[in-house]
Amino acid sequence: MSISNPTLRERASYGWRVMGRAAGVVSARLRRPRAAGNGTAASVPFNAMFDTRVVPALEPERAELEQFDLYLFDVMTSRRLRGQIVFEYGTLLRAIDRWTGLRILDVGTGRSTFPAWMSGRGATVTTFDLSQPAEKSWGGFEERVNGLVGRRGSRMSAVAGSMRCLPFAVASFDLVTSLSVVEHLDTNLPERTFVPYEEQQRRLAEVLDEMIRVTKPGGWIYVTSECCDYSRATTDNWRGAYYYEDGPALSAAWPVADVPRLFYQYVVDRGCTLVGDAEYSRADIGHEHRWTCRGPYFSGFSMLARKR
């Protein structure tokens with residue numbers, strides 16, 4: 001068969017892109033950056049809105065993560081993402097001095113290989129997702145290459161269920177993470193129907209209560225999500241990836257003014273202490289350096305709390 005066949009050409013191009021990213025992973029390893037964790041080069045707030053200006057301060061963490069596999073290389077080096085995932089993952093790396101021996105629960109893992117990175121650093125990691133995941137697995141050639149370059153630890157297990165009712169005992173984990181997941185509480189799955197905002201808030205409270213319940217005293221809860229000023233946002237570059245099929249034109253983000261009440265104050269009222277102050281202001285979303293790849297007036301935020 002001739003290589004001029006469009007299907008073969010597309011497959012060849014895809015294969016070269018994957019191999020190019022694999023080469024990028026190997027190249028990153030050869031550069032040998034210093035180990036990440038609790039870096040001191042610059043201050044990075046743990047409870048804050050996304051800010052492209054702090055991404056350079058997270059360069060050691062970014063360089064550490066990009067070495068792992070294709071997924072982390074992609075999200076760490078993507079210009080399109082504007083450094084948002086560097087901010088989300090790197091902020092957590094700044095907080096953790098030592099991964100060895102930690103029992104970690106990652107809620108809503110999807111296709112992310114960050115839990116595998118944590119396992120590779122010595123943690124025992126449980127991934128948690130729906131029995132019918134909303135995201136498809138990598139599969140195919142890309143997953144095979146990912147497996148070749150990735151360095152997975154052996155201390156991983158997968159559990160399925162609802163994050164509103166976690167099937168784990170009280171105080172089971174040292175660290176509970178949920179990275180860019182809870183904004184999808186706007187969708188009933190697998191039906192893919194829209195959930196009204198009042199019900200979204202109630203479900204979020206259930207999820208946070210469950211995360212706190214299964215965290216050991218002295219352990220951490222780390223959550224990242226999306227926020228938006230809906231009074232000014234008019235478009236969303238990520239609109240095609242919404243989980244619901246019929247609903248409002250803009251969603252999958254918490255109203256920017258409600259984030260302190262729904263997240264920071266909520267966990268404090270339930271026996272947690274924020275790690276550092278909450279450096280979050282709804283007015284900040286008006287600045288372009290706060291915007292994510294979704295477009296104007298969309299941003300992200302992080303929350304790191306310790307259970308008392």
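The following questions and answers concern a predicted model and the grounds for some of the terms applied to it.

Q: Why is Cys165 called exposed?
A: The relative accessible area of Cys165 is 56%. Exposed requires over 50%, so Cys165 qualifies.

Q: Why is Cys227 called buried?
A: Buried means under 20% relative accessible area. Cys227 has 0%, and therefore counts as buried.

Q: How many disulfides are counted, and what makes a pair of cysteines count as one?
A: The count is zero. A pair counts if the sulfur atoms lie within 2.5 Å. For Cys227 the nearest cysteine sulfur belongs to Cys228 and is 7.8 Å away, so Cys227 is in no disulfide.

Q: Why is Ser299 called buried, and where is Ser299 found?
A: Ser299 is found in strand E12, residues 298-307. Its relative accessibility is 0%, against a cut-off of under 20%, so Ser299 is buried.

Q: What makes the approach of the Ser299 side chain to Arg290 a polar contact?
A: The side chain of Ser299 reaches the backbone oxygen of Arg290 at 2.6 Å. The limit for such a pair is 3.5 Å, so the distance satisfies it.

Q: Which residues does Ser299 touch, leaving out those up to four places away in sequence?
A: Ser299 touches Met49, Phe50, Glu226, Cys227, Ile285, Arg290 and Thr292. Among them, Cys227 is itself buried, at 0% relative accessibility.

Q: Why is strand E3 described as largely enclosed by the rest of the structure?
A: Strand E3 covers residues 124-129, and five of its six residues are buried, so the description follows.

Q: How do you know that E3 pairs with E2 and with E4?
A: Pairing requires at least two bridges. Strand E2 (residues 103-107) and E3 share five bridges in the parallel sense, and Ile104 has Val125 in E3 as its bridge partner. The chain crosses from E2 through helix H5 (residues 114-120) to E3 in a right-handed β-α-β crossover. E3 and strand E4 (residues 156-160) also pair in the parallel sense over five bridges, with Phe128 opposite Val159 in E4.

Q: What is the chain's average pLDDT, and over which residues does the value stay under 50?
A: The chain averages 87, and 80% of the residues score at least 70. Residues 1-19 stay under 50, with 14 contacts beyond four places in sequence in the model. Residues 37-41 are also below 50, and have 13 contacts beyond near neighbours in sequence.

Q: Why should predicted coordinates of this kind be read with restraint?
A: Where pLDDT is low, the coordinates should not be read in detail.

Terms used
Residues are numbered from 1 along each chain as its sequence is written. Side-chain values use heavy atoms; hydrogens and water are left out. Buried means under 20% relative accessible area, exposed over 50%, partly exposed in between (1.4 Å probe, protein chains only). Helices (H or I, at least four residues) and strands (E, at least two) are DSSP runs, numbered from the N terminus. A polar contact is a pair of N or O atoms within 3.5 Å; within protein, one must be able to donate a hydrogen and the other to accept it, and residues adjacent in sequence count only if both atoms are side-chain atoms. Contact means heavy atoms within 4.5 Å. pLDDT is the predictor's confidence in each residue, from 0 to 100. A crossover is right-handed if, with the strands pointing away from the viewer, the path from the first strand over the helix to the second runs clockwise.
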